[in-house]
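Here is a friendly set of notes to read alongside the model. Take the points in order, with the structure open beside you.

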Amino acid sequence: MTLLQVDQLTKSFSGLRAVSDVDVTVTDGEFLGIIGPNGAGKTTLFSLLAGQLPPTSGRVVFDGQDITGWPADKVAGAGLVRTFQLMRPFESMSVLENVAVAAHHRHRSRRAARRHALEVIERVRLAEYVHAPSGSLPTAGLKRLELARALALEPRLLLLDEVLAGLVPAERAPIIELLREIHADGVTVMFVEHIMAAVMALSERLLVMAEGQELALGDPQEVIRDPRVVEAYLGEDYA
Amino acid sequence: MTTLTERPTTIAADDPRLKDSSATRSYAVLGVLVAVLAVLPFLLDDQTETVAVRTLIFAIMAVGWNLMSGYGGMFSFGHAAFFGIGAYTDAYLLVQHGVSPWIAMVVGALISAAAGTLIAFLCLRYKLAGPYFALATFAFAQVFLLAVQNIDALNRTEGFNVPILSEDSWTMMQWKAGSPLYFWIPLGILALGLLGTIWFVHSRTGQYAQAVRDDETAAASLGINVMRVRLVTVAASCALTSVAGSFYTQYYFFVGPEQGFGSAVSVNAIVPAVIGGIGTIWGPLVGALIVGPLSEWIADVLREPPGFLSFLEGLSGLDVAVYAALLILIVLFMPKGIYGTLRDRFRS
Ligand SMILES: Nc1ncnc2c1ncn2[C@@H]1O[C@H](COP(=O)(O)OP(=O)(O)OP(=O)(O)O)[C@@H](O)[C@H]1O
Ligand SMILES: [Mg+2]
């Protein structure tokens, strides 16, 4: 079943086409990796899907509903949730309070929201910071906080924007394991990442973007051998 | 489809990390505080009690202002609009229609909440933020001031005098001068305002409001309806400040355009909160405890200045100058206010 259908999606910033005629279909339950050089339009694509930016043209259909141009809160409410590459913690709040704000989406009561938040915090391995002011977290912590808040909403489609960036390899492994687990739970994932080992380990299909456009889309092993992809992004070494 | 909810929770319901005693502690502090303050009328002479009542009025306004500007992050420079609506609703309904001030207080609060919501909606709809939002609220308050000065039914520049009754009356909220009730009523309103603040800050909507204040984009991405949360916060803020205005009319038996809607009134709502600490529960009260007596002292100095200050005699506006100086000092050296700064110091 198709969960997300993106038709000819375009975003222009005063002439610059940051996202240009992108067509993607994401199946329910799939794990789609997205790679591409800096400035390829990956983050902009997420902002268009999740409602932070209105598209210049094109259409987004999520779970059978046309959500093009919906405000971000409504999109999130429908189950499409993104994280931010440039982390956006609620700085006056502790880690627990940050995640509880998200957990409140499903839990009206304070107790239930905090309990659910704590569970998610443990899953993303932030437990040691549970009462720390979120502004004091190191980058790796903030990345995991982004992930925790998104998970606390219990999304159907999760857009992850470089959640592994800034983590040392030892910190990555448990998060990769967690992403696998979330995926196994039935959550559909779109995964923007520069760390190829993680992308290759997790992705069922791979989308390569360059200059706002879709360069290649398909089986990860095939896509990374595509000469155009090698040239635009990976460099000869990787292939 | 399985979702995370169906996964059995790994967190015990009584996990110690879930304990949040801060609300309970705040309620306890409030209880003790109100009990202590409640005996003041028996200890203070009439003159000092007047200052105490004025301090309470400052505190109620500032607690109200703090909801929207401190917790909501929408800096209002126009809270006179809502103080004025409260004061005038009380005066108008009482003088023209004999309506009990208790009812007028509620009506005024509802009108203020509606007016505040509409003003905030317009400002936010057109994406006014920060200083532009503050200026817009200031402009609205000025418009209200001008309007009141030109509406016959509101006695234009003359305002309203509350008729003085010969007997005590609960219905009309009138007692003989110096009655402790004139202290207990604003104390009760303040207690309710603080109670509401504590509850709000720990409620879902209050948490949303603070999230929106910290980062609107992130809040929206978590499914929070930013506009709705903001408007609810504004409504509560304006309603509370309005009640302070209604009580003002009852206490001073008079309200005119400047007492209700003058820009000095907006300043009076801001200054205690900023001095005490915005976005904190106790900051506005702490600030009012400083500003209330200070304003009285300034009035005394102007009435009968000591020799070396004789040039000040009869001058007005000194209070504003002193407030401005205080604000500058606070913003420079204690941006979190006196209470906010002390609290942070004791925590760490
Ligand atoms: N708000 C904006 N206004 C103008 N230009 C923008 C804006 N946001 C992004 N861009 C431009 O759009 C292009 C795509 O940016 P985007 O952030 O989507 O790239 P990305 O693929 O996420 O890159 P990275 O891998 O570095 O995160 C870039 O050229 C960027 O400068
Ligand atoms: Mg990016």
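1. Let us start with a single residue: is Met87(A) buried, partly exposed or exposed? This is a predicted model, and in it Met87(A) counts as partly exposed because its relative accessibility is 24%, where buried would mean under 20% and exposed over 50%.

2. To find Met87(A), look in the loop of chain A between strand E6 (80–82) and helix H3. You could then look for Asp66(A), which is 21 residues apart from Met87(A) along the chain. The C-alpha atoms of these two residues are separated by 28 Å.

3. Next, please turn to ligand 1. The ligand is surrounded by 14 residues, and the closest are Asn38(A), Gly39(A), Lys42(A), Thr43(A) and Thr44(A). Sorted by class, this shell holds seven polar, five nonpolar and two charged residues.

4. Which atoms lie 2.5 Å apart at ligand 1? They are a polar side-chain atom of Thr44(A) and an oxygen atom of the ligand. Backbone atoms take part in polar contacts too: a polar backbone atom of Gly39(A) is 2.8 Å from an oxygen atom of ligand 1, and for a polar backbone atom of Gly41(A) the distance to a ligand oxygen atom is 2.9 Å. As for its surface, ligand 1 taken alone exposes 640 Å², and the protein buries 62% of that.

5. Two elements of chain A, strand E2 (16–27) and helix H1 (42–50), give two or more residues to the shell around ligand 1. The largest share, three residues, comes from H1(A).

6. Now for the open spaces. The largest pocket contains about 1400 Å³ of space. Its lining has 36 residues, with Ser92(A), Glu97(A), Ser22(B), Arg343(B) and Arg347(B) nearest the centre. By class, 13 of the lining residues are polar, 12 are charged and 11 are nonpolar.

7. Both chains help to line the largest pocket. Helices H3 (95–103) and H4 (110–123) of chain A each supply at least two residues, and so do several helices of chain B, including H1 (22–38), H3 (46–71) and H7 (181–202). Which helix gives the largest share of this lining? That is H15(B), with five residues.

8. The second largest pocket has a volume of about 720 Å³. It is lined by 26 residues, and Lys127(B), Glu216(B), Val226(B), Met227(B) and Arg230(B) are the closest to its centre. This lining divides into 14 nonpolar, six polar and six charged residues. Among the elements that each supply at least two residues are helix H2 (72–78) of chain A and helices H9 (216–221) and H10 (226–252) of chain B.

9. Finally, how many cavities of 30 Å³ or more are there? The count comes to two. The largest cavity has a volume of about 60 Å³. Of its 15 lining residues, Met68(B), Ser76(B), Phe82(B), Ile119(B) and Thr137(B) are the closest to the centre.

10. The lining of the largest cavity has 10 nonpolar and five polar residues, and no charged residues. In chain B, helices H4 (80–97), H5, H6 and H10 each supply at least two of the lining residues. H6(B) makes the largest contribution, with four residues.

How values were computed
Residues are numbered from 1 along each chain as its sequence is written. Chains are lettered from A and ligands numbered from 1 in the order in which they are written. This is a predicted model: local features need pLDDT of at least 70, side-chain atom pairs count only at pLDDT 80 or more; totals for chains, interfaces and linings use all residues. Side-chain values use heavy atoms; hydrogens and water are left out. A residue is near a molecule or strand if one of its heavy atoms lies within 4 Å of it. A polar contact is a pair of N or O atoms within 3.5 Å; within protein, one must be able to donate a hydrogen and the other to accept it, and residues adjacent in sequence count only if both atoms are side-chain atoms. Accessible areas come from the Shrake-Rupley method with a 1.4 Å probe; for residues, only the protein chains shown count as cover. Ala, Val, Leu, Ile, Met, Phe, Trp, Tyr, Cys and Pro count as nonpolar, Asp, Glu, Lys and Arg as charged, and the others, Gly among them, as polar. On a 1 Å grid over the protein atoms alone, a cavity is a set of points where a 1.4 Å probe fits but cannot get out, and a pocket is an open set with protein on both sides within 12 Å along at least five of seven lines; lining residues have an atom within 4 Å of a point. Grid points are joined across faces, edges and corners, and a volume is the space filled by probe spheres set on the points. Buried means under 20% relative accessible area, exposed over 50%, partly exposed in between (1.4 Å probe, protein chains only).
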